[in-house]
Amino acid sequence: MKPIVRVVNLGRISWKKAFNIQCEVKQNILNQLKNSSSENSSANSIDNRLLLVEHDPVYTIGIRRKAYENETLIDRLRNLGADFEETDRGGLITFHGPGQLTVYPILYLGNFFNNKSLRCYVHNLERVIIDACSNLLPKNLKISTIEELPGVWIDDQRKIAAIGVHGNRFVTTHGVAINCDVDLTWFDHIIPCGIEDKLVTSLTKELGKNFTIDQFTPIFLESFQKVFDCQLQT
């Protein structure tokens with residue numbers, strides 16, 4: 001039987017509120033695992049969820065934050081009209097905001113893969129995004145990953161989606177952010193993910209026409225269901 005993942009669309013909310021919801025869902029799964037007779041709990045005994053979010057403007061930093069522990073920098077970013085949050089995900093600084101689909105899979109990896117490593121998990125998230133974008137973008141564009149640089153890239157130069165995750169006893173938090181019709185000028189004020197020689201792009205920019213979160217979401221969900229071999233429920 002395929003594992004069931006419940007899809008919850010949280011709409012547009014702050015990063016902090018979304019993080020608190022992630023923590024609640026994660027703790028619920030950890031409690032379910034603790035009360036289970038076996039680590040290999042049946043696929044449908046765990047309340048795996050996929051949280052869909054469009055954030056209010058916010059800059060977030062991951063666990064490699066030393067370069068960004070600078071009050072002048074933080075104040076400058078906040079003065080742009082964005083929040084600034086420290087997180088426990090992997091990766092460096094990035095932006096989340098309107099026009100960007102942020103997806104938080106809160107999953108027990110034992111329900112999905114024989115290999116429960118975060119590296120394997122990130123690889124499969126990248127596969128989801130590549131599959132979804134391949135159905136949209138022109139065939140002459142290369143949609144791929146770059147070794148040691150988590151995320152999905154166009155022509156090895158333009159980042160279309162960022163990935164930053166955290167795992168606790170094989171239960172995941174944080175996730176992926178796909179630029180649909182986000183205002184890319186927000187990224188001009190930082191070095192996104194600490195990568196200086198590459199750009200950030202969006203589906204709207206690559207397609208040459210406006211492409212919204214609402215248009216992309218069903219495509220993403222179809223690809224997620226295929227790659228993770230699961231059954232999505234709304």
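## Aspartate 229 and its partner

Aspartate 229 is partly exposed, as its relative accessible area is 43%. Please keep in mind while you look around that this is a predicted model. Aspartate 229 comes after helix H5 and has a positive phi, near 50°.

The side chain of aspartate 229 also takes part in a salt bridge, with lysine 2 as its partner and 3.4 Å between the closest N and O atoms. This pair ties together distant parts of the chain, 227 residues apart: lysine 2 sits in the segment before strand E1 (4-13), while aspartate 229 is in the loop between helix H5 (213-227) and strand E12 (231-233). Lysine 2 is partly exposed too, because its relative accessibility of 47% falls between the limits of 20% and 50%.

## A salt-bridge network around aspartate 47

How many salt bridges does the structure hold? The count is nine. One of them joins the side chains of arginine 6 and aspartate 47, with 3.7 Å from N to O. Here again distant parts of the chain are linked, as arginine 6 belongs to strand E1 and aspartate 47 to the loop between helix H1 (15-35) and strand E2 (49-55), 41 residues apart.

Are the two partners buried or partly exposed? Arginine 6 is partly exposed, with a relative accessibility of 33%. Aspartate 47, in contrast, has a relative accessible area of 17%, so it counts as buried under the 20% limit.

Aspartate 47 has a further salt bridge, to arginine 49, where the closest N and O atoms are 2.8 Å apart. Through shared partners, Arg6, Asp47 and Arg49 become one network.

## Strand E1 and its neighbours

Strand E1 pairs with E12 in the parallel sense, over three bridges. If you look for arginine 6 in this pairing, you will find glutamine 233 of E12 opposite.

E1 also pairs with E2, again in the parallel sense, and this pairing runs over seven bridges. Here arginine 12 has glutamate 54 of E2 as its bridge partner.

## Helix H1 and its two faces

H1 has 21 residues, and at 1.5 Å a residue they should span 30 Å. The C-alpha atoms at the ends of H1 are 30 Å apart, in agreement with that expectation.

Which residues of H1 are buried? They are Trp15, Ala18, Gln22, Val25, Lys26, Ile29, Leu30 and Leu33. These residues lie on the same side of H1, because the arc they cover around the axis is only 140°. The spacing fits a general rule: an α-helix has 3.6 residues a turn, so residues three or four places apart point the same way. On the face turned away from the buried side, H1 carries the exposed residues Glu24, Lys34 and Asn35.

## Helix H5

H5 has 15 residues, for which 1.5 Å a residue gives an expected span of 21 Å. The end C-alpha atoms of H5 are 20 Å apart, which agrees with the expected value. Buried residues in H5 include four phenylalanine and isoleucine positions worth finding in the viewer: Ile213, Phe216, Ile219 and Phe220. Thr217, Leu221, Ser223, Phe224 and Val227 of H5 are buried as well.

## Serine 202, a buried loop residue

Serine 202 is found in the loop between strand E11 (199-200) and helix H4 (203-207). With a relative accessible area of 3%, serine 202 is buried, because that value is under 20%.

What surrounds serine 202? When neighbours within four places in sequence are set aside, serine 202 contacts Ile160, Asn179, Cys180 and Leu184. In addition, a polar atom of the serine 202 side chain lies 3.0 Å from the backbone nitrogen of lysine 205.

## Two aspartates with positive phi

The loop between strand E8 (149-154) and strand E9 (158-168) contains aspartate 155. Its phi is near 55°, a positive value in a residue that is not glycine. Aspartate 155 is partly exposed, with 30% relative accessible area.

Aspartate 156 also has its place in the loop between E8 and E9. Although aspartate 156 is not a glycine, its phi is positive, at about 60°. The relative accessibility of aspartate 156 is 25%, so this residue too counts as partly exposed.

Methods: Residues numbered from 1 in each chain as written. Predicted model: local features only at pLDDT ≥ 70, side-chain atom pairs only at ≥ 80, totals over all residues. Heavy atoms only, no water. Salt bridge = Lys/Arg side-chain N within 4 Å of Asp/Glu carboxyl O. Buried < 20%, exposed > 50% of the residue type's maximum accessible area, 1.4 Å probe, protein only. Polar contact = N/O pair within 3.5 Å; in protein donor to acceptor, adjacent residues only side chain to side chain. Contact = heavy atoms within 4.5 Å. Expected span 1.5 Å × (residues − 1). Arc of directions from axis to C-beta. Pairing = 2+ DSSP bridges.
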